[in-house]
Amino acid sequence: MDIELLYFAGCPNWTVAQGHLAAALAAAGRSDVDVKLRAVETDEEAQAMRFPGSPTIHIDGRDPFPAAADSYGLTCRVYSTPGGLAGVPTVDQLVQALTRTF
């Protein structure tokens with residue numbers, strides 16, 4: 001399993017996502033999986049990568065929470081969670097995404 005956390009330094013939510021990913025991997029029994037961090041540093045890079053905002057999580061190259069908008073750039077991303085809109089998916093949402101890929 002390949003997990004990548006894409007972020008830009010101007011968004012504080014990526015560190016929360018990193019913690020949620022670690023907790024989700026532990027809950028799914030996959031603490032052995034390393035999360036690769038990938039900084040997106042320029043708007044041009046964000047456009048070329050179709051980066052919908054920070055944090056973005058890829059599991060085996062796919063975004064388990066596809067963004068509805070076709071807007072890409074250096075911005076903080078918003079996720080729909082059971083508790084409302086948030087800057088990161090919940091640990092439970094991440095566990096579900098991880099277990100769907102096994």
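Contact here means heavy atoms within 4.5 Å. Helices (H or I, at least four residues) and strands (E, at least two) are DSSP runs, numbered from the N terminus. The model is predicted, with local features needing pLDDT of at least 70 and side-chain atom pairs counting only at pLDDT 80 or more, while totals for chains, interfaces and linings use all residues. Residues are numbered from 1 along each chain as its sequence is written, and side-chain values use heavy atoms, with hydrogens and water left out.

**View 1. Helix α1 packs against helix α3.**
Two packed helices are described by the angle between their axes and the distance between the axes. For α1 (residues 13–27) and α3 (residues 91–100), the angle is about 55° and the axes are 8 Å apart. Axes are lines fitted to C-alpha atoms, for helices over the stretch in contact, and angles run from 0 to 180 degrees between N-to-C directions. α1 and α3 are therefore oblique to each other; angles under 35 degrees count as roughly parallel, over 145 as roughly antiparallel, 65 to 115 as roughly perpendicular and the rest as oblique. From α1 come H20, L21, A23, A24, L25 and A27, and they meet V91, L94, V95 and L98 of α3. By type, the residues of this contact are nine nonpolar, one polar and no charged. Ala, Val, Leu, Ile, Met, Phe, Trp, Tyr, Cys and Pro count as nonpolar, Asp, Glu, Lys and Arg as charged, and the others, Gly among them, as polar.

**View 2. The largest nonpolar core has 18 residues.**
A nonpolar core is a set of buried Ala, Val, Leu, Ile, Met, Phe, Trp, Tyr and Cys residues joined through side-chain atoms within 4.5 Å. Buried means under 20% relative accessible area, exposed over 50%, and partly exposed in between (1.4 Å probe, protein chains only). To find your way around, look for I3, L5, L21, I57, I59, L94 and L98, the residues with the most contacts inside the core. Two or more core residues come from each of β1 (3–7), α1, β3 (56–59) and α3. The most come from α1, which gives five.

**View 3. I57 sits in strand β3.**
I57 is buried, with a relative accessible area of 1%. Beyond its neighbours within four places in sequence, I57 is in contact with I3, E4, L5, L21, R62, D63, P64, Y79, P89 and L94. For scale, the C-alpha atoms of I57 and L37 are 9.6 Å apart, with their positions 20 residues apart in sequence.

**View 4. Helix α3 has both buried and partly exposed residues.**
The buried residues of α3 are Q93, L94, V95, A97 and L98, and they pack against β1, α1, β3 and β4. A97 has a relative accessible area of 1%. Setting aside residues up to four places away in sequence, A97 touches I59, P64 and F65. A97 and P64 are 33 residues apart in sequence, yet their C-alpha atoms are 6.1 Å apart. Q96, also in α3, is partly exposed at 46%. The C-alpha atoms of Q96 and A26 are separated by 13 Å, and the two are 70 residues apart along the chain.

**View 5. Y7 lies in strand β1.**
Y7 is buried, with a relative accessible area of 14%. Leaving out neighbours within four places in sequence, the contacts of Y7 are W14, L37, R38, A39, V40, F51 and S54. Q96 is 89 residues from Y7 along the chain, and 22 Å separate their C-alpha atoms.

**View 6. Some backbone details are worth a look in the loops after α2 and β3.**
Most residues other than glycine have a negative phi, and most peptide bonds are trans. S54 and P55 are joined by a cis peptide bond, with omega about -5°. P55 is in the loop between α2 (43–49) and β3. R50 is in the loop between α2 and β3, and its phi is positive, near 60°. R50 is exposed, with a relative accessible area of 53%. D60 lies in the loop between β3 and β4 (79–81), and its phi is also positive, near 50°. D60 is partly exposed, at 43%.
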